[in-house]
Amino acid sequence: MAWALMGKPRPAGPVRVLMVRISPPSATGLWQPLDEHDNLRGSLKAPVDQVAAWLGRDDADPSIAWSYAQRRGAKGEWAVEIQIEEVSACAQS
């Protein structure tokens, strides 16, 4: 993941980061989302750490507002979409 962020300009101020887990349906064709409270966040811990390291901050830094989502992917599709949006300090609260 570090290679995807390499060379991109790092925002200096507060940011909103949306992490979207993409997973395929099971063999039965049903898609089972993860529990959003624990499992979804846990499954995205490594990408969160990578984004925080790229930003040069700890993942608990209050200048980073993390949000999480998930969606069904195509058969065999496993991915993480990451959206990083710079926000003004007054819009953060």
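A salt bridge here is a side-chain nitrogen of Lys or Arg within 4 Å of a carboxyl oxygen of Asp or Glu. By that rule, a search of the whole structure finds four salt bridges. Keep in mind that this is a predicted model. The tour visits salt bridges, a buried arginine, a loop proline and a strand glutamine.

**Start with the whole chain**

Show the cartoon. You should see three helices and three strands. Follow the sequence from its start, and the order reads α-β-α-α-β-β. Next, show the C-alpha trace. Along its principal axes the trace spans about 45 × 30 × 20 Å.

Now turn on the surface. The accessible surface comes to about 6,000 Å², and carbon and sulfur atoms hold 55% of it. The protein has 93 residues, of which 29% count as buried. Look at contacts with a separation of 6 or more: residues 24 or more positions apart account for 83% of them.

Colour by charge. There are 10 positive and 11 negative side chains. The centres of these two sets lie 6 Å apart.

**Stop 1: select Glu-85 and Arg-16**

These two side chains form a salt bridge, with the closest N and O atoms 3.4 Å apart. The pair links distant parts of the chain, 69 residues apart. Glu-85 sits in strand S3 (residues 79-86), and Arg-16 sits in strand S1 (residues 15-23). Is Glu-85 buried, exposed or partly exposed? Its relative accessible area is 44%, so Glu-85 is partly exposed. Arg-16 also counts as partly exposed, at 36% relative accessibility.

**Stop 2: select Glu-81 and Arg-71**

Stay on strand S3. Glu-81 and Arg-71 meet through their side chains in a salt bridge of 2.7 Å, N to O. This pair, too, links distant parts of the chain: Glu-81 is in strand S3 and Arg-71 in strand S2, 10 residues apart. Glu-81 counts as partly exposed at 32% relative accessibility. Arg-71 has 33% and is partly exposed as well.

**Stop 3: select Lys-45, Asp-49 and Asp-59**

Salt bridges that share partners join these three residues into one network. Zoom in on the Asp-49 and Lys-45 side chains. Their salt bridge is 2.8 Å, N to O. Both residues lie in helix H3, four residues apart, which is about one turn of the helix. Asp-49 is partly exposed, with a relative accessible area of 32%. Lys-45 is partly exposed too, with 39%.

**Stop 4: select Arg-57**

Move along to the loop between helix H3 (45-55) and strand S2 (64-72), where Arg-57 lies. Which side chain of opposite charge is nearest to Arg-57? It is Asp-61, 5.0 Å away. Arg-57 is buried yet has no salt bridge. The cut-off is 4 Å, so a distance of 5.0 Å to the nearest opposite charge does not qualify.

What does the side chain of Arg-57 reach? Show backbone atoms: the side chain reaches the backbone oxygen of Pro-11 at 2.9 Å. Then display the surroundings. Leaving out residues up to four places away in sequence, Arg-57 touches Pro-11, Ala-12, Gly-13, Pro-14, Val-15, Ala-52, Ser-63 and Ile-64.

**Stop 5: select Gln-70**

Go to strand S2, which holds Gln-70. Gln-70 has a relative accessible area of 14%, under the 20% cut-off, so this residue is buried. Draw a distance from its side chain to the backbone oxygen of Leu-34, and you should read 2.8 Å. Set aside residues up to four places away in sequence, and Gln-70 touches Val-20, Arg-21, Trp-31, Pro-33, Leu-34, Glu-36 and Leu-40.

**Stop 6: select Pro-25**

Keep Trp-31 on screen. Pro-25 is found in the loop between S1 and helix H2 (39-43). Where along the chain is Lys-75 relative to Pro-25? The two are 50 residues apart, yet their C-alpha atoms are separated by 6.4 Å. Show the contacts of Pro-25, leaving aside neighbours within four places in sequence. The list is Leu-30, Trp-31, Arg-72, Gly-73, Ala-74 and Lys-75. Trp-31 is also among the residues that Gln-70 touches.

Note on methods:
Residues are numbered from 1 along each chain as its sequence is written. This is a predicted model: local features need pLDDT of at least 70, side-chain atom pairs count only at pLDDT 80 or more; totals for chains, interfaces and linings use all residues. Side-chain values use heavy atoms; hydrogens and water are left out. Helices (H or I, at least four residues) and strands (E, at least two) are DSSP runs, numbered from the N terminus. Buried means under 20% relative accessible area, exposed over 50%, partly exposed in between (1.4 Å probe, protein chains only). Contact means heavy atoms within 4.5 Å. Accessible areas come from the Shrake-Rupley method with a 1.4 Å probe; for residues, only the protein chains shown count as cover. Lys and Arg count as positive and Asp and Glu as negative; His and the chain ends are not counted. The place of a charge is taken as NZ of Lys, CZ of Arg, CG of Asp or CD of Glu. A polar contact is a pair of N or O atoms within 3.5 Å; within protein, one must be able to donate a hydrogen and the other to accept it, and residues adjacent in sequence count only if both atoms are side-chain atoms.
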